[in-house]
Amino acid sequence: MEAHEIDYQIFGEEMQYVEIELDPQEGVIAEAGTFMMMEDGIRMETIFGDGSKNDTGLLNKIFGAGKRLLTGESMFMTVYYNTVMGKKRVSFASPYPGKIIPIDLSKNGGRFICQKDAFLCAAKGVSIGIEFSRKLGRGLFGGEGFIMQRLDGDGMAFVHAGGTTFKKELHPGEKLKVDTGCIIGFDHTVNYDIEFVGGIKNTLFGGEGVFFATLTGPGTVYVQSLPFSRLAKRVWAAAPQGGGKDKGEGSILGGLGDLLDGDNRF
């Protein structure tokens, strides 16, 4: 067992957080901005790279940090160690409404592929790297799913997703077509490719992406109903644009509608 063997408990429904229980000298690594609270006796340490045992040596640490930079994450991570006798707890919160999914890498063949912003935290010893596409089409048109994170090791890892989550066990050869942004992650045995939606009307007027992901089994696939990128686009579209003018909440009356419903702000 290379990774630390941690215990955990997930709390909440729509805005969840995970509580990690650490034995003496055990540690957990986490992304910046996910920390919620911790008990006295836990020490924080900012590290360069992901802190796995494979990152020994300056060049390996620089390479590990560079891999994280490609996924849009910080080059630094934070490790939380229990430095006293007895069990201590530290908690990490999901950054937006959704679910936290525990992944036991020892039961997933030692590897799990997930969206580049899905990783929340993991037992010390788990390696967080990148999964590059080996196909030109997937690389050019994969969008959010082009560069994905790869979790390697034999410990517990936690990923978060937006909205409601869907888990499906794919049989060998079984396919599932998914919006690229709605993928949370999948087993390393699942084949991932990009497929053209097809049809002029679908492409021009369908309102969806031009490409979607095709996931082929065997393996487990996790899908989210509301990826953060989709939520952010809808919030931005509804926000006041240009001098503070809003869109009248979709009313064809616009500003006149605001006057009629009592909103007289200018």
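Start with the whole protein on screen: of its contacts with a separation of 6 or more, 77% are between residues 24 or more positions apart. Keep in mind that this is a predicted model.

**Whole chain.** Switch to a cartoon view. The protein has five helices and 19 strands. Now colour by burial. Of the 266 residues, 45% count as buried.

**Surface.** Turn the surface on. The protein exposes about 14200 Å². Carbon and sulfur atoms supply 58% of that area.

**Largest core.** Hide the surface again. Select Ile20, Phe92, Leu151 and Phe158. These residues have the most contacts inside the largest nonpolar core, which has 38 residues.

**Around Phe158.** Zoom in on Phe158. Which residues is phenylalanine 158 in contact with, leaving aside its neighbours within four places in sequence? Select Ile6, Tyr8, Val18 and Ile20. Then add Ile100, Ile101 and Pro102. Finish with Ala118, Phe119, Leu120 and Cys121. Phe158 is in contact with each residue you have just picked.

**A second core.** Apart from the largest core lies another, of 15 residues. Pick out some of its members, among them Ile113, Met148, Ile183 and Val190.

**Cysteines.** Next, select Cys114. Is cysteine 114 buried or exposed? Its relative accessibility is 0%, so Cys114 counts as buried. Move on to Cys182. Cysteine 182 has 8% relative accessibility. Buried means under 20%, so Cys182 counts as buried too.

**Last stop.** Show the sulfur atoms of the cysteines. How many disulfides are there? The count comes to zero. A disulfide here needs a pair of cysteine sulfur atoms within 2.5 Å.

Notes. Residues are numbered from 1 along each chain as its sequence is written. This is a predicted model: local features need pLDDT of at least 70, side-chain atom pairs count only at pLDDT 80 or more; totals for chains, interfaces and linings use all residues. Side-chain values use heavy atoms; hydrogens and water are left out. Buried means under 20% relative accessible area, exposed over 50%, partly exposed in between (1.4 Å probe, protein chains only). Helices (H or I, at least four residues) and strands (E, at least two) are DSSP runs, numbered from the N terminus. Contact means heavy atoms within 4.5 Å. Accessible areas come from the Shrake-Rupley method with a 1.4 Å probe; for residues, only the protein chains shown count as cover. A nonpolar core is a set of buried Ala, Val, Leu, Ile, Met, Phe, Trp, Tyr and Cys residues joined through side-chain atoms within 4.5 Å.
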